[in-house]
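Q: Got a minute to go over this fold? I'd like to start with one residue and work outwards.

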Amino acid sequence: MKNLTLSVHEFMSIMGNFDERADKLPEESLYSKWLKQYRALDQRLEKLEMMERADMLFDGKVNINNISIEHLIELASVVREKVNFHNKLILDNDEDADPEDLAMWEARLQELQDCDPRILSEE
């Protein structure tokens with residue numbers, strides 16, 4: 001089991017990816033485990049003014065305790081999707097491309113891969 005700290009932005013973005021395919025996820029998925037926290041946080045964010053919301057997204061933290069290797073692998077898969085997405089934006093010279101976003105997701109993926117070598121085998 002591993003403890004993990006994500007920015008609120010990372011957490012919401014990861015859960016947004018899961019949300020898009022929630023109906024295809026197994027009951028024991030990471031999405032199911034984090035869903036209650038995700039919904040509560042989303043409601044809190046919706047009530048904030050724009051600047052307060054931005055501060056919370058980028059300065060706020062979400063602590064995840066006792067994450068299993070199975071859930072780490074699932075999380076790494078979504079983070080890998082984020083890396084690929086941002087890399088493609090940059091390669092396509094998309095106006096939304098942001099090298100800082102890519103670097104953030106690459107750093108998070110590296111952190112997850114450093115947690116357990118089994119994460120690498122899931123690529």
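A: Sure. This is a predicted model. Take Leu75: leaving aside neighbours within four places in sequence, Leu75 is in contact with Leu4, Ile14, Leu30, Trp34, Ile67 and Leu112.

Q: And the largest nonpolar core, which residues touch the most other members?

A: Phe11, Ile14, Trp34 and Leu75 do, out of 33 residues in that core.

Q: Which elements give two or more residues to this core?

A: Strands E1 (2-7) and E2 (61-67), plus helices H1 (8-19), H2 (30-47), H3 (50-59), H4 (69-91) and H5 (99-115). H4 gives the most, with eight residues.

Q: Switching to helix packing. At what angle do H1 and H2 cross?

A: Roughly 120°, and their axes come within 10 Å. The cut-off for roughly perpendicular stops at 115 degrees, so H1 and H2 are oblique to each other. H1 passes H2 in a left-handed crossing.

Q: Who makes that contact?

A: On H1, the residues include Phe11, Ile14 and Phe18. On H2, they include Leu30, Trp34 and Leu41. By class, the contact of H1 with H2 has 13 nonpolar, two polar and two charged residues.

Q: What about H1 and H4, what's the angle there?

A: About 95°, with the axes 10 Å apart. H1 and H4 are therefore roughly perpendicular to each other.

Q: Which residues meet?

A: Ser13, Ile14, Asn17 and Phe18 in H1 meet Glu74, Leu75, Val78, Val79, Glu81 and Lys82 in H4.

Q: How does that contact divide by class?

A: The contact of H1 with H4 has five nonpolar, two polar and three charged residues.

Notes
Residues numbered from 1 in each chain as written. Predicted model: local features only at pLDDT ≥ 70, side-chain atom pairs only at ≥ 80, totals over all residues. Heavy atoms only, no water. Core = buried A, V, L, I, M, F, W, Y, C linked by side-chain atoms within 4.5 Å. Buried < 20%, exposed > 50% of the residue type's maximum accessible area, 1.4 Å probe, protein only. Helix = DSSP H or I, 4+ residues; strand = E, 2+ residues; numbered from the N terminus. Contact = heavy atoms within 4.5 Å. Axes fitted to C-alpha atoms, helices over the stretch in contact; angles between N-to-C directions. Parallel < 35°, antiparallel > 145°, perpendicular 65-115°, else oblique. Left-handed = near helix turned anticlockwise from the far one by under 90°. Nonpolar A, V, L, I, M, F, W, Y, C, P; charged D, E, K, R; others polar.
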